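I opened this structure to take notes on one of its chains. The entries below follow the order in which I looked things up.

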Amino acid sequence: MINSLDPRIARENINEENNIAPLTEMDNWETYEVFHQKKRGDQHVHVGIVHAPNTEMAFLFGKEQYGRRGISVNMWVVKTSNVFASDYDDSDIFDTVPEKQYREAGGYKVMSKINKYKKENNI
Amino acid sequence: MYGNAYIDPNEKPKSIIDGEDLIKLAEFEARIARGEKIEPKDWMPREYRKQLIRMIEQHAHSEIIGALPEGTWITRAPGFKRKLALMAKVQDEVGHAQLLYSAAETLGKSREAMINDLITGKSKYSNVFNYPAYTWADACIIAWLIDAGAIINQVANAKGSYGPYGRALDRICTEESFHLKYGHDNVVTLATGTPVQRKMVQEALTRWWPPIMHFFGPSDKISNHTEILMRWKVKMATNDDMRQQFLNMYVPKIWDLGLTVPDTNLKKNEETGLWDYTEPDWDEFKRVINGGGPCNAERLAVRRMAEEKGRWVRAALLQKDEKYVTPLA
């Protein structure tokens, strides 16, 4: 029997021998991905995972694990298996034409045209 | 199309990177050299995966076992504010274990397998937690100096190459800053208190000094793991470097309180800028880490009891058709 300094443990009469059956697969359930929003108006951001047997418990664990310092105003949990994620090996799927100026505000320079027009027409 | 599945049947295994795709290995090392992070589904050498699992898993176990010597003092904490603070700290430590188990899981070892390896004694955890917290002052010294040591280790490793471990450590370091301040506040209260309080905190420091010196591990000259871990940015500082950093930051703070460190050789060498100290007793370290310490049996027995008593609840909540998938990040 364990003879502990801690009176609570001493009272438990815990056996010193290791005679428990090992944990089996799924003993700790599946995982959920947790997202939180720090303040209204912000995007939700992924903060980590929890193991849980269902969505409600995942939310409770997520709140305890990631929201216990009062830094969240909202939280989402979603089963990991329900997330479709791209593969880093396939990151070339994000490659596109090398020149993307036409998609950016800076790609449109009108002042030079206006100035040229003004000069030519004495405006 | 991937062409690396073919293995020449005439080729014999030779070394640690044996059987690895050398092109992928070169890409992997170049990525790390550029300061980029490795993410869970990325290709990685078997040894990288193995070492990271070993390290993160041990770290997770240390958090969960480390909560036990401090948890002992929750019911006897002097005053309501300290009780609240200690409960919060112990909850944080258990939360850190969860974050770290999650990071290790992304490398392919299930949480159940890690817990099994802990409770059977196959996996190690930080050796300091095999010592008891005799008095309230011991709990204060742990909260201040053991957490200080842990922060030095974690801040260094947070800059490592494995993304999920770095993210977990960033979060942990933020939370640990309160632990350090709380521990310091408690030690200062005792050290500036009555003669009885001063005596109590001095005795606790004297008891904890050898485990604190052991905390960062043996000198890297005799540590097998270090070289490869540092090349792959798994481990970011040598054990001796971290020990020196700790001494440099905290010995002056200890002396400031008029407390005595039980090592007459301890002094800063003005020429080298490094601290001289008596070499810790590494035979004692090995004896304790291999099960011979005062609390090894108790720590594992308490952990087994928790697993065993919670089992029916976990089983009752399990939905039979659910399937485990590895977490994404």
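**Notebook: chain B**

I began with the pair α5(B) and α7(B). I listed A137(B), D138(B), C140(B), I141(B), L145(B), I146(B) and G149(B) on the α5(B) side, where they meet M200(B), V201(B), A204(B), L205(B), R207(B), W208(B) and I212(B) of α7(B). I sorted this contact by class and got 11 nonpolar, 1 polar and 2 charged residues.

I then looked up the geometry of the pair. The axes of helix α5 (residues 136–157) of chain B and helix α7 (residues 195–214) of chain B come within 9 Å, with a crossing angle of roughly 40 degrees. I therefore put α5(B) down as oblique to α7(B). I noted the crossing as right-handed.

**Confidence**

I reminded myself that this is a predicted model. I found ipTM 0.87 and pTM 0.90 for the model. For chain B I read an average pLDDT of 91, with 93% of the residues scoring at least 70. I marked residues 1–14 of chain B, where pLDDT stays under 50 and the model has 4 contacts beyond four places in sequence. Where pLDDT is low, the predicted coordinates should not be read in detail.

**Overall layout**

I counted 11 helices and 2 strands in chain B. I read the pattern along the sequence as α-α-α-α-α-α-α-α-α-β-β-α-α. The radius of gyration of chain B is 22 Å and the globule rule gives 20 Å for 329 residues, which is close, so I recorded chain B as being as compact as a globular protein of that length. I also noted that the C-alpha atoms of chain B fill a box of roughly 75 × 60 × 35 Å along the principal axes.

**α5(B) again, now with α6(B)**

I went back to α5(B) for its contact with helix α6 (residues 163–191) of chain B, and found that the axes come within 8 Å and cross at roughly 150 degrees. An angle over 145 degrees counts as roughly antiparallel, so I entered α5(B) as roughly antiparallel to α6(B). I wrote this crossing down as left-handed.

I checked which residues take part: those of α5(B) include W144(B), D147(B) and Q154(B), and those of α6(B) include E176(B), H179(B) and Y182(B). I sorted the contact of α5(B) with α6(B) into 16 nonpolar, 6 polar and 2 charged residues. A137(B), which I had listed against α7(B), is also among the α5(B) residues that meet α6(B).

**α2(B) and α3(B)**

I next took helix α2 (residues 46–71) of chain B, whose axis comes within 8 Å of that of α3(B) and crosses it at roughly 165 degrees. I therefore called these two helices roughly antiparallel to each other. I noted that α2(B) passes α3(B) in a left-handed crossing. I picked out I53(B), E57(B) and H59(B) among the residues of α2(B) in this contact, and L86(B), K89(B) and H96(B) among those of α3(B). I got a tally of 13 nonpolar, 4 polar and 5 charged residues for it.

**Contact with chain A**

Which elements of chain B give two or more residues to the side that touches chain A? I first noted that the contact takes 36 residues from chain B and 35 residues from chain A. I then found α3 (80–105), α4 (111–119) and α11 (296–317) of chain B as the elements in question. α11(B) gives the most, with 10 residues. I closed the page with the classes on this side of chain B: 16 nonpolar, 8 polar and 12 charged.

Terms used: Residues numbered from 1 in each chain as written. Chains lettered and ligands numbered in written order. Predicted model: local features only at pLDDT ≥ 70, side-chain atom pairs only at ≥ 80, totals over all residues. Axes fitted to C-alpha atoms, helices over the stretch in contact; angles between N-to-C directions. Helix = DSSP H or I, 4+ residues; strand = E, 2+ residues; numbered from the N terminus. Parallel < 35°, antiparallel > 145°, perpendicular 65-115°, else oblique. Left-handed = near helix turned anticlockwise from the far one by under 90°. Contact = placed C-beta atoms within 7 Å. Nonpolar A, V, L, I, M, F, W, Y, C, P; charged D, E, K, R; others polar. pLDDT = per-residue confidence, 0-100. Rg over C-alpha atoms; globule rule 2.2 N^0.38 Å.
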